[in-house]
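Subject: The structure we talked about

Hi,

Here is the structure I promised to pass on. Have a look at it first, then read on.

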Amino acid sequence: MDRIRDALGRAARNVVWQAAFAAVVAYFAYHAIHGDRGLIALSRLQGEIDQAEGVLGQIRGERERLDHRASLLRPDNLDPDMLDERARAMLNFADPDEIVIPLPQGSGASEGTPRQ
């Protein structure tokens, strides 16, 4: 009878240790997937990174466009057409023989469109 009780005790201890180990593994596996730094959070952050990189690409393109326009107005490389365009936009002038077509606001036209 004592041998059976000892065998059952050892078996129960083994089952308890295995159950405890399985619970620890399940805990870490759950948090590896659903935790703050888990796989789901990683995929969400990667989506945010992709979106931010798209915005960064748009901003870089806009900056390159503005840098190019600014380079046309530098004293060592002054573009007469750009100078004329900016002077007309800033002073709101147009030649008498020019036809000015007003565009609605937000139509994508360059800022400071000259008017009569």
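Below is what turned up, starting with the overall fold and ending with the charged pairs.

One thing to keep in mind from the start: this is a predicted model.

**The overall picture**

The protein chain has three helices and zero strands. Read from the N terminus, its elements go α-α-α. The radius of gyration comes out at 36 Å, while the globule rule gives 13 Å for 116 residues, so the chain is more spread out than a compact globule. You can get a feel for that from the C-alpha trace, which spans about 120 × 35 × 15 Å along its principal axes.

How much of the chain is buried? Of the 116 residues, 8% count as such. The chain exposes about 10300 Å², and 60% of that comes from carbon and sulfur atoms. As for contacts with a separation of 6 or more, 10% of them are between residues 24 or more positions apart.

**A nonpolar patch**

Next, try finding Ile33, Leu39, Ile40 and Leu42 on the surface. Together they form a nonpolar patch with about 360 Å² of accessible area. Which helix gives the most to this patch? That would be helix 2, residues 39–71, with three residues. Ile33, on the other hand, is found in helix 1, which covers residues 2–34. Its relative accessibility is 37%, so Ile33 counts as partly exposed; the cut-offs here are under 20% for buried and over 50% for exposed.

**The salt bridges**

Now for the charges. Side chains of opposite charge can pair when their charged atoms come close. Searching the whole structure gives seven salt bridges, and here are three you can look up yourself.

Start in helix 1, where the side chains of Asp2 and Arg5 meet in a salt bridge, at 4.0 Å from N to O. These two are three residues apart in helix 1, which means about one helical turn separates them. Both Asp2 and Arg5 are exposed.

Then move on to Arg63 and Asp67, whose side chains form a salt bridge at 3.7 Å, N to O. What separates this pair along the helix? Asp67 and Arg63 are four residues apart in helix 2, so again the answer is about one helical turn. Asp67 has a relative accessible area of 40%, which makes it partly exposed. Arg63 has a relative accessibility of 58% and therefore counts as exposed.

The last pair is Arg88 and Glu98, with their side chains meeting in a salt bridge at 2.6 Å, N to O. Arg88 lies in helix 3 (residues 80–91), but Glu98 is in the segment after helix 3, so this salt bridge ties together parts that are ten residues apart in sequence. Is Arg88 buried or exposed? Its relative accessible area is 15%, so Arg88 is buried. Glu98, at 31%, is partly exposed. The pair also has company: salt bridges with shared partners join Asp84, Arg88 and Glu98 into one network.

If you want a place to start, colour the three helices, then pick out the network of Asp84, Arg88 and Glu98.

Cheers

Methods
Residues numbered from 1 in each chain as written. Predicted model: local features only at pLDDT ≥ 70, side-chain atom pairs only at ≥ 80, totals over all residues. Heavy atoms only, no water. Patch = residues over 30% accessible without salt bridge, like charges linked within 9 Å, V, L, I, M, F, W, Y side chains within 5 Å. Areas by Shrake-Rupley, 256 points an atom, 1.4 Å probe, with all protein chains shown as cover. Buried < 20%, exposed > 50% of the residue type's maximum accessible area, 1.4 Å probe, protein only. Rg over C-alpha atoms; globule rule 2.2 N^0.38 Å. Contact = heavy atoms within 4.5 Å.
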